[in-house]
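User: Please take a close look at one part of this model, the open sheet and the helices on it. How is that part put together?

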Amino acid sequence: MKSIGFKLWAGMMALVIIVLVLLWLFQIVFLESFYTGMRVSGVKNEGSSIAKLLGEGNKAEFENKADIFAFNNNLSIELLDLDGSIVYTTGSTGYAGQMPMMRSREKVEAFQEVLAGKEVTIPLSHPRFGNKFMMIGLPVKTSGELTGVLFINMPLAPVEDTVLILKKQLIFITLILLAAALFISYMISRTFTKPILEIKKVSEKMASGDFSDRIKSGSRDEIGKLAETINYMGEELSKIEQLRKDLIANVSHELRTPLSLIRGYAETIRDVSGNVLEKREKQLDIIIEESERLSKIVDDILNLSQMQAGYMNLNPGQFLINKTIEDIIKRYNILSDKTGIKIIFKATGDIMVTADELRIEQVLYNLINNAFNHTPEGGSITVKVINRQDTVKVEVSDTGTGISDEDIKRVWDRYYKADKTSGRKMVGTGLGLAIVKSVLEAHKALYGVESKKGAGTTFWFELNK
């Protein structure tokens with residue numbers, strides 16, 4: 001399999017060779033025919049224009065123009081009457097002012113054709129020196145009647161000399177161009193393929209599970225952008241890998257703790273306190289509480305998996321958002337008493353919204369749970385409903401430590417837990433806000449978070465009425 005570098009190099013060399021071949025064809029092979037054709041056409045036109053002077057009876061002007069024309073173009077010009085006798089001649093070509101083919105058979109045949117009213121162009125060679133000439137025969141008419149024949153003899157030697165000079169120049173140009181093309185195409189193909197090979201190497205490492213390597217590319221072209229994309233993919237895969245490790249650690253820890261407690265208290269009841277009613281009831285309460293916590297963890301993981309897999313079906317309807325929030329807040333009374341964290345609800349009147357009530361309850365639970373996790377004892381959580389013209393905005397604010405600018409960008413990520421070093425025990429799997437995001441995006445609802453370090457955090461979302 002040929003590499004891209006070789007194909008690129010071969011393509012550029014082929015292009016250069018095609019250009020050189022075309023250059024040789026048009027500058028050497030076809031130059032003489034092109035030049036001769038253009039030169040003959042120009043001389044013929046000018047000769048016709050001079051011949052018209054005779055038809056207008058202006059012989060002196062004819063001779064003057066013919067002399068100048070012959071001198072400037074190194075031509076010889078002859079004017080013959082209808083009997084073939086020379087009436088006027090000018091120019092230096094030939095012997096004693098005579099054209100070299102004066103009595104040649106070609107000249108006679110050309111004379112006859114011109115007498116028939118035709119214009120003739122005949123290439124000839126000097127009988128002694130071999131020089132090439134072009135003989136042009138033009139009819140001379142007066143008042144529409146043929147009165148003579150004008151022969152113009154044009155030497156072609158300058159064209160051959162020009163071709164010879166161009167040929168020598170093109171040999172040097174070809175050698176220099178081929179050498180330059182070899183070097184430049186090699187450098188371009190090397191420059192082009194080097195980052196591709198780097199991308200291939202890094203991609204193979206990523207495929208093997210090593211996301212630490214990055215592509216070093218400073219270019220801003222398509223390959224540079226591809227390298228940036230691969231690097232970005234590596235960073236994201238690295239984050240996912242870290243999240244995966246965190247997930248395993250979190251889930252293992254979260255599942256292990258309640259399972260250990262459940263097993264420990266169950267064994268205690270069986271072996272020790274089964275007959276002691278007070279201890280047994282207290283330990284059974286712990287078993288039930290840990291079972292519920294375990295169930296909540298499993299539910300969160302299943303819910304998020306279903307949402308991300310696109311299996312979440314919304315059942316939108318109209319309900320009173322105030323009443324829903326009040327019912328939810330009541331269920332936090334025990335936790336509120338236990339932690340000393342107050343929940344304040346601010347709303348005015350009954351407000352109807354259109355959404356899936358069960359999913360919005362899930363959003364509110366997760367936001368309030370998150371607020372409890374980040375609010376110190378004695379603090380407060382405020383749930384506020386703002387009635388707008390077409391929408392209803394719900395805010396859940398806490399009086400916690402706030403979120404740093406670095407963490408706030410990732411609060412919606414799965415398994416991400418901010419404020420890991422605060423020392424306060426966090427309850428949950430790190431999936432709550434990711435679930436909130438999925439539910440609100442499924443509703444096409446606006447949502448966001450505002451926070452200031454040391455001044456608390458406010459999560460908000462808007463629902464249509």
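Analyst: Helix 4 (residues 105–115) lies across strand 1, strand 3, strand 4 and strand 5. Helix 4 runs at about 140 degrees to strand 5. Helices (H or I, at least four residues) and strands (E, at least two) are DSSP runs, numbered from the N terminus. Axes are lines fitted to C-alpha atoms, for helices over the stretch in contact; angles run from 0 to 180 degrees between N-to-C directions. This is a predicted model, where local features need pLDDT of at least 70, side-chain atom pairs count only at pLDDT 80 or more, and totals for chains, interfaces and linings use all residues. Residues are numbered from 1 along each chain as its sequence is written, and side-chain values use heavy atoms, with hydrogens and water left out.

Now the sheet itself. It is open, has five strands in the order 2-1-5-4-3, and pairs antiparallel. Two strands pair if DSSP finds at least two bridges between them. Strand 2 (86–91) and strand 3 (120–125) stand at the edges. Each has a single partner strand, so one side of each lacks a neighbour in the sheet. Neighbouring strands are turned by 20 degrees against each other on average, direction ignored.

Strand 4 (residues 132–142) and strand 5 (residues 145–155) are joined by ten bridges in the antiparallel sense. Gly137 stands opposite Phe151 in strand 5. Helix 2 (residues 31–55) also packs on the sheet. Helix 2 touches strand 1 (76–80), strand 3, strand 4 and strand 5, contact meaning heavy atoms within 4.5 Å. The direction of helix 2 makes about 30 degrees with that of strand 4.
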